[in-house]
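Welcome, and please keep your viewer open beside this text. We will go from one selection to the next, with a short note on what to look for at each stop.

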Amino acid sequence: MTDSTVDLTGVSPQSKAEILAEALPYIRKFHGKTIVVKYGGNAMTEEHLKHGFARDVILLKLVGMNPVVVHGGGPQIDNALKKIGKQGTFVQGMRITDEETMEVVEWVLGGEVQQDIVMLINHYGGQAVGLTGKDGGLIRARKMQMPDKEKPGQFLDIGFVGEIEAINPAVVKALQDDAFIPIISPIGFGDDGQAYNINADLVAGKIAEILKAEKLIMMTNIAGVQNKAGELLTDLSAREIDEMFADGTISGGMLPKISSALDAAKSGVNTVHIIDGRIEHSLLLEVLTEQAFGTMIRSH
Ligand SMILES: Nc1ncnc2c1ncn2[C@@H]1O[C@H](COP(=O)(O)OP(=O)(O)O)[C@@H](O)[C@H]1O
Ligand SMILES: CC(=O)N[C@@H](CCC(=O)OP(=O)(O)O)C(=O)O
């Protein structure tokens, strides 16, 4: 048994068959549809989760869906920064990115993390191709203007953090048509060739929107969005999200996540989910079963 294999010895043949049969309507419904998966750095901290994820993505592709993976790597960047004696600092969920940090970000995201995912998917028999925003002009970015909450009308300088100016999905579409699985690193490029560090949730949301994805699934390190009392909210409307932003219930990395989830839902992505990527095969559970899971973001 490999470390990504679930032990089914106690499960009866009948139950195994039922699990497979339950997937059939979902396979039919999502056949030929694009599923954008945001694979957060916190959902890839354990080796067995990475193996399980790679196999899940291949399975979705093999049954006729078009998975597109946008990966993060926040904790992995933090580890690399620690090695050079630097500490990661965030403002409203965005990493302050000086020149040295940008070099680390490019190396960790576009190198280590992306190649790790590509290698695992290929190891299990899929055909993954790694892309950064530079490839095929995929992500054009500019320096992010971050409003200073203390000084209305002014902006904070958070370095080489980018916001998306435009997405050119041609390269992703070409790969999809050719049975490849695109693995996208959230690094954008300015017209002058400057690389920008973009929060992976923003890239995933925008890619889902541009590709007219059926689903956007954000895999993170928490069961879903919680209210002030710490209870899991199984679905959230735009109005509820506004209230939670206003009263501070949503903070840190959840801020860009919810914003881009809501933008994607409003822009026509049919279903948007925030799920717990620490659960083995959470991706399959979300796409192929009736299991209610995580938080669904509604556009109205
Ligand atoms: N209302 C909330 N509900 C759930 N998580 C929240 C909330 N507000 C802030 N968070 C934080 O957001 C984190 C997820 O964002 P982040 O760490 O950026 O994840 P990822 O690396 O997967 O993008 C959670 O682990 C949690 O600490
Ligand atoms: C600007 C900014 O904050 N960029 C992120 C990019 C990686 C990311 O988003 O990773 P997760 O999805 O694992 O959080 C960062 O530097 O951490």
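Which atom of ligand 2 is 3.0 Å from a polar backbone atom of Gly-74? Select ligand 2 together with Gly-74 and you will find that the partner is an oxygen atom of the ligand. Keep in mind throughout that this is a predicted model.

**Stop 1: the surroundings of ligand 2**

Stay with ligand 2 and add the backbone of Gly-73, where a polar atom lies 3.0 Å from an oxygen atom of the ligand. Next, show the side chain of Arg-95: one of its polar atoms is 2.7 Å from an oxygen atom of ligand 2. If you switch on a surface here, expect a well-covered ligand, since on its own ligand 2 has 430 Å² of accessible area and the protein covers 91% of it.

Now widen the selection to the whole shell. It holds 16 residues, and those that come nearest to ligand 2 are Lys-38, Gly-41, Gly-73, Arg-95 and Asn-197. Colour the shell by class and you should see eight polar, six nonpolar and two charged residues. Colour by secondary structure instead, and helix 3 stands out as the element that gives the most to this shell, with three residues. Strand 4, like helix 3, supplies at least two.

**Stop 2: the annotated positions**

Select Gly-73, Gly-74, Arg-95 and Asn-197, which UniProt lists under "binding site" in an unreviewed entry. These positions span 125 residues in sequence, but no two of their C-alpha atoms are more than 11.7 Å apart, so they gather at one spot.

Zoom in on Gly-73 first. You will find Gly-73 in the loop that runs between strand 2 (66–71) and helix 3 (74–83). Is Gly-73 buried or exposed? With a relative accessible area of 3%, Gly-73 is buried. Beyond its neighbours within four places in sequence, Gly-73 is in contact with Gly-41 and Leu-109.

Move on to Arg-95, in strand 4 (residues 94–95). Arg-95 counts as buried because its relative accessible area is 5%, and the cut-off for buried is under 20%. Show its contacts, leaving out residues up to four places away in sequence, and a long list appears, including Gly-74, Ile-77, Asp-78, Phe-90, Ile-158 and Asn-197. With Gly-74 there is also a polar contact to look at: the Arg-95 side chain reaches the backbone oxygen of Gly-74 at 3.1 Å.

**Stop 3: across to ligand 1**

Now select ligand 1 and the 17 residues that surround it. Which of them are the closest? They are Thr-220, Asn-221, Gln-226, Thr-249 and Lys-257.

Turn to the backbone of Gln-226, where a polar atom is 2.9 Å from a nitrogen atom of ligand 1. The backbone of Thr-249 also has a polar atom 2.9 Å from a nitrogen atom of this ligand. For a side-chain partner, pick Asn-42, with a polar atom 3.2 Å from an oxygen atom of ligand 1.

Switch the surface on again: ligand 1 taken alone exposes 580 Å², of which the protein buries 77%. Then highlight strand 13 (215–220) and helix 8 (254–266), the elements that give two or more residues to the shell around ligand 1.

Finish by colouring this shell by class, which shows nine polar, five nonpolar and three charged residues.

Methods
Residues are numbered from 1 along each chain as its sequence is written. Chains are lettered from A and ligands numbered from 1 in the order in which they are written. This is a predicted model: local features need pLDDT of at least 70, side-chain atom pairs count only at pLDDT 80 or more; totals for chains, interfaces and linings use all residues. Side-chain values use heavy atoms; hydrogens and water are left out. UniProt positions are given in the numbering used here, feature names are shortened, and annotations may be inferred rather than shown by experiment. Helices (H or I, at least four residues) and strands (E, at least two) are DSSP runs, numbered from the N terminus. Buried means under 20% relative accessible area, exposed over 50%, partly exposed in between (1.4 Å probe, protein chains only). Contact means heavy atoms within 4.5 Å. A polar contact is a pair of N or O atoms within 3.5 Å; within protein, one must be able to donate a hydrogen and the other to accept it, and residues adjacent in sequence count only if both atoms are side-chain atoms. A residue is near a molecule or strand if one of its heavy atoms lies within 4 Å of it. Accessible areas come from the Shrake-Rupley method with a 1.4 Å probe; for residues, only the protein chains shown count as cover. Ala, Val, Leu, Ile, Met, Phe, Trp, Tyr, Cys and Pro count as nonpolar, Asp, Glu, Lys and Arg as charged, and the others, Gly among them, as polar.
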